[in-house]
Amino acid sequence: MWTRGQLKSNAKINMQRNYWGCVAVAFIMSVAEGIGAAGGFRSGARSSMTDDSYSSYESYSLSDMSGALALAGTVLLVIGLMLLVFGILLNVFVGNVLRVGANKFFVQNRTEAVRVGTIFDGFRSGQYKNIVLTMFLKDLYVTLWTFLLIIPGIIKELEYMMVPYILAENPGMNQKEAFEISKRMMDGEKLNAFVLQLSFIGWYLLAAITCGLAGIFYVNPYVEATMTELYAYNKGKAFHEGYIQ
């Protein structure tokens, strides 16, 4: 059985092997995930009116103002929906493929010298469509379970946590098999994995306090390397139990 200390200790060793590569890959992922995430709008306006402009403003009727506000609200809503759709599409067709490539980088970094460009391997593996579809289905299942209830959504996210790692090493694996292997890998591990994720809260706070600098140069690659160690343990267990070869 693994311990958090063991995984984190191994992660630090692997980070030291290729520190700048780990930083670069983790940074690319943080940027991609940030762009793909749904955003919000902050709008505001400041004006300095003279007495003449204020008098002109008073000439507007209440109905004119209401119409203008309704039009502005509609425009902002349309723009917001367009950005939301763009973010979703970007995540499906780019972000998820980069996620698989980043996981491949960190998996290989455990045992060999690996280049930063590995993060883009999903686009040139010949299995781009399979990666996109499998990751899309993963996100879809988790989202649907989350809409049902928050807790089942968290459970499903943990259950399918290993899917991008599995695809990283087996990009041509069909969706059903990838999901089944991930479920078996996480059987009995979900609570411990959840606690492992929570154990980084202090590091995330440090990243926030340092305006993201600690996140870029330590926290993000540290978390990536640690979660990769969890996959490595689960993969070894899967070999031992015989459901992967």
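Is Asn-109 buried or exposed? Asn-109 is buried, with a relative accessible area of 1%, and it appears in the second of the close-ups below. The structure is a predicted model, in which local features need pLDDT of at least 70 and side-chain atom pairs count only at pLDDT 80 or more, while totals for chains, interfaces and linings use all residues. Residues are numbered from 1 along each chain as its sequence is written, and side-chain values use heavy atoms, leaving out hydrogens and water.

**View 1. The largest nonpolar core and its best-connected members.** Here a nonpolar core is a set of buried Ala, Val, Leu, Ile, Met, Phe, Trp, Tyr and Cys residues joined through side-chain atoms within 4.5 Å. This core has 40 residues, and those touching the most other members are Met-161, Met-162, Ile-166, Met-185, Met-227 and Leu-230. Two or more residues come from each of helices H1 (4-17), H2 (19-36), H4 (62-109), H8 (163-169), H9 (175-185), H10 (190-198) and H12 (213-241); helices are DSSP runs (H or I, at least four residues), numbered from the N terminus. H12 gives the most, with nine residues. Beyond its neighbours within four places in sequence, Met-161 is in contact (heavy atoms within 4.5 Å) with Ser-182, Met-186, Ala-193, Gln-197, Met-227 and Leu-230. A second, separate core of 13 residues includes Ile-131, Leu-137, Val-142 and Phe-179.

**View 2. The surroundings of Asn-109 in helix H4.** The word buried means under 20% relative accessible area, exposed means over 50%, and partly exposed is in between (1.4 Å probe, protein chains only). The side chain of Asn-109 reaches the backbone oxygen of Asn-14 at 2.9 Å. Setting aside neighbours within four places in sequence, Asn-109 is in contact with Asn-14, Met-15, Arg-17, Asn-18, Cys-22 and Val-114.

**View 3. A salt bridge between Glu-224 and Arg-99.** A salt bridge is a side-chain nitrogen of Lys or Arg within 4 Å of a carboxyl oxygen of Asp or Glu, and a search of the whole structure finds eleven. In this pair the closest N and O atoms are 2.9 Å apart. The bridge links distant parts of the chain, with Glu-224 in helix H12 and Arg-99 in helix H4, 125 residues apart. Glu-224 counts as buried at 13% relative accessibility, and Arg-99 counts as buried at 15%.

**View 4. Salt bridges within helices H5 and H7.** Asp-121 forms a salt bridge with Arg-124, the closest N and O atoms lying 3.0 Å apart. Both residues sit in helix H5 (residues 121-124), three residues apart, about one turn of the helix. Asp-121 counts as buried, at 13% relative accessibility. Follow the bridges onward and you meet a network that links Lys-104, Arg-115, Asp-121 and Arg-124. In helix H7 (residues 150-159), Glu-159 and Lys-156 are separated by about one helical turn because they are three residues apart. Their closest N and O atoms are 2.9 Å apart in a salt bridge, and both residues are buried.

**View 5. Asn-220 in helix H12.** Asn-220 counts as partly exposed, at 23% relative accessibility. Look for Val-25 too: Asn-220 and Val-25 are 195 residues apart in sequence and 9.4 Å apart in space, C-alpha to C-alpha. Outside its neighbours within four places in sequence, Asn-220 is in contact with Ala-26, Ser-30 and Gly-215.

Methods. A polar contact is a pair of N or O atoms within 3.5 Å; within protein, one must be able to donate a hydrogen and the other to accept it, and residues adjacent in sequence count only if both atoms are side-chain atoms.
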